[in-house]
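Student: I should be grateful for a close look at a single part of this model. Please begin with one residue, and then set its surroundings in the context of the chain.

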Amino acid sequence: MFEDSASAASSIALQIGGQLFGAVFLAGLVVAQFASGLAAQASASRLLYAMGRDSVLPKAVFGRLSAKYHTP
């Protein structure tokens, strides 16, 4: 049915709405991937901070907050 199963969603978007809808779909996909990566990075820093605060990791490195931004 589709040439490449990894890009089936893009092919369906092109069939439904043409080039314009395909471009909007691709832009939405890029924004969603960026937001997902940003959330993963933020949660990783919070996890490392919590582990440093609880002395699982070295407290001097991972258990401190930024003086300027008050973030890990």
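Tutor: Ser55 has a relative accessible area of 49%, so it counts as partly exposed; the exposed class begins only over 50%. The model is a predicted one, and the values below are computed from it. Ser55 lies in the loop between H1 and helix H2, the latter covering residues 59-62. Its backbone deserves attention: phi of Ser55 is near 65°, a positive value in a residue other than glycine. Most residues other than glycine have a negative phi. A positive phi in a residue other than glycine also appears at His70, where the angle is near 60°. His70 lies in the segment after H2 and, at a relative accessible area of 59%, is exposed.

Beside Ser55 in the numbering comes a charged pair. The side chains of Arg53 and Asp54 meet in a salt bridge, with an N to O distance of 3.5 Å. The pair satisfies the rule because this distance is within the 4 Å limit between a side-chain nitrogen of Lys or Arg and a carboxyl oxygen of Asp or Glu. In general terms, side chains of opposite charge can pair when their charged atoms come close. The count by this rule comes to one salt bridge. Arg53 is partly exposed, with a relative accessible area of 43%.

On the N-terminal side of the loop is helix H1, which covers residues 8-53. A straight helix of 46 residues would span 68 Å at 1.5 Å a residue, whereas H1 spans only 45 Å between its end C-alpha atoms. Within this helix, a bend of about 135° is found at Gly18. Gly18 itself is in H1 and is partly exposed, since its relative accessible area is 26%, a value that lies between the 20% and 50% limits. The C-alpha atoms of Gly18 and Ser5 are 13 residues apart along the chain and separated by 19 Å. A second pair gives another distance: Gln15 and Ala39, 24 residues apart along the chain, have C-alpha atoms separated by 32 Å. Gln15 also lies in H1, and with a relative accessible area of 65% it is exposed.

As to cover, the buried residues of H1 are Ala8, Ala13, Gly22, Tyr49 and Gly52. Val30, another residue of H1, counts as exposed at 53% relative accessibility. Val30 belongs to a nonpolar patch on the surface, together with Phe2, Ile12, Ile16, Phe21, Phe25, Leu26 and Leu29. The accessible area of these residues together is about 710 Å².

The whole chain gives the setting for these details. It has two helices and zero strands. Its radius of gyration is 21 Å, well over the 11 Å that the globule rule gives for 72 residues, so the chain is more spread out than a compact globule. Along the principal axes, the C-alpha atoms fill a box of roughly 55 × 25 × 10 Å. Of the 72 residues, 7% count as buried. The chain exposes about 5800 Å², and carbon and sulfur atoms supply 66% of that area.

To return to the starting point, Ser55 is a partly exposed residue of the loop between H1 and H2, and its phi is positive.

Technical notes: Residues numbered from 1 in each chain as written. Predicted model: local features only at pLDDT ≥ 70, side-chain atom pairs only at ≥ 80, totals over all residues. Heavy atoms only, no water. Helix = DSSP H or I, 4+ residues; strand = E, 2+ residues; numbered from the N terminus. Rg over C-alpha atoms; globule rule 2.2 N^0.38 Å. Buried < 20%, exposed > 50% of the residue type's maximum accessible area, 1.4 Å probe, protein only. Areas by Shrake-Rupley, 256 points an atom, 1.4 Å probe, with all protein chains shown as cover. Patch = residues over 30% accessible without salt bridge, like charges linked within 9 Å, V, L, I, M, F, W, Y side chains within 5 Å. Expected span 1.5 Å × (residues − 1). Bend = angle between axes of the 7 residues up to and from the residue.
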